[in-house]
Amino acid sequence: MQQAIEVAKSALATGDVPVGALVFNASGNLVGTGSNRREVDKDPSAHAEIIALRAAALANNSWRLDDHTIVVTLEPCAMCAGAIAQARIKTLVFGAWDEKAGAVGSVWDVLRDPRAPHLVEVISGVYESECGALLSEFFKKYR
């Protein structure tokens with residue numbers, strides 16, 4: 001998670017929300033990295049998780065990321081949770097909860113819904129205060 005926090009900080013230079021995501025394969029090798037790029041790319045789908053999943057799929061030469069783990073500084077939204085499920089990710093680890101748009105327990109629980117096409121193991125609250133502080137500091141300028 002420390003590494004994901006550092007990746008999240010890179011989004012600050014772009015003016016985007018500081019969220020970082022890392023994808024690791026079954027051997028523990030980092031195969032995908034992403035930070036929010038919505039502002040830079042002018043793309044509403046350019047969330048950290050989507051960027052990291054795309055990089056991991058290219059590295060894996062397949063969209064199927066079975067036995068992979070994604071580590072994210074913020075609870076994924078509905079779009080990202082759906083992409084995580086569709087990629088067949090085995091485990092999601094996230095830091096801070098997103099009480100407004102979180103889709104892994106806060107507002108919805110897309111990944112653990114028994115109707116979901118693929119169930120994902122979820123580990124939450126890892127470095128929660130550090131991840132949350134980064135986001136709180138960013139949003140202070142908008143309040």
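**Glu75, Asp98, Asn29 and helix α1**

Me: What does the side chain of Glu75 reach at 2.9 Å?
Reply: The backbone nitrogen of Val104. A polar contact needs N or O atoms within 3.5 Å, so the 2.9 Å of this pair passes the cut-off. The model is a predicted one.

Me: What makes the pairing of Glu75 and Ser106 a polar contact?
Reply: Their side chains come to 2.5 Å. The limit is 3.5 Å, so the pair qualifies.

Me: Why is Glu75 said to have no salt bridge?
Reply: The nearest side chain of opposite charge is Arg112, at 6.5 Å. A salt bridge must fall within 4 Å, so Arg112 does not make one with Glu75. Glu75 is nonetheless buried.

Me: Where does Glu75 sit, and what is it in contact with?
Reply: Glu75 lies in the loop between β3 and α4 (78–86). Beyond its neighbours within four places in sequence, its contacts include Phe94, Trp97, Asp98, Gly102 and Ser106.

Me: Why does Asp98 count as having no salt bridge?
Reply: Lys100 is the nearest side chain of opposite charge, 7.3 Å away. The cut-off is 4 Å, so Lys100 does not qualify. Asp98, too, is buried.

Me: What lies 3.1 Å from a polar atom of the Asp98 side chain?
Reply: The backbone nitrogen of Lys100. Asp98 itself is in the loop between β4 (91–96) and β5 (121–123). Not counting residues up to four places away in sequence, Asp98 touches Leu74, Glu75, Ser106 and Val107.

Me: Why is Asn29 called partly exposed?
Reply: Its relative accessibility is 43%. Buried means under 20% and exposed over 50%, so Asn29 falls in between. Asn29 is in the loop between β1 and β2. Leaving aside neighbours within four places, Asn29 is in contact with Val23 and Phe24.

Me: Which residues of helix α1 are buried?
Reply: Ala4, Ile5, Val7 and Ala8, in a helix of residues 2–10. Seen down the axis of α1, the buried residues fall within an arc of 160 degrees, so they line one face of the helix.

Me: Why do residues three or four places apart in an α-helix point the same way?
Reply: An α-helix has 3.6 residues a turn, so that spacing brings the direction round again.

Me: What covers the buried residues of α1?
Reply: The cover includes β1 (20–24), β2 (30–35), β3 (69–74) and α5 (128–140).

Me: Which residues does the domain annotation cover?
Reply: The unreviewed UniProt entry gives "domain: CMP/dCMP-type deaminase" for residues 1–142. That span is 34% helix and 18% strand, with its end C-alpha atoms 26 Å apart.

Terms used: Residues numbered from 1 in each chain as written. Predicted model: local features only at pLDDT ≥ 70, side-chain atom pairs only at ≥ 80, totals over all residues. Heavy atoms only, no water. UniProt positions renumbered as here; feature names shortened; annotations may be inferred. Helix = DSSP H or I, 4+ residues; strand = E, 2+ residues; numbered from the N terminus. Buried < 20%, exposed > 50% of the residue type's maximum accessible area, 1.4 Å probe, protein only. Lys, Arg positive; Asp, Glu negative; His and termini not counted. Polar contact = N/O pair within 3.5 Å; in protein donor to acceptor, adjacent residues only side chain to side chain. Contact = heavy atoms within 4.5 Å. Arc of directions from axis to C-beta.
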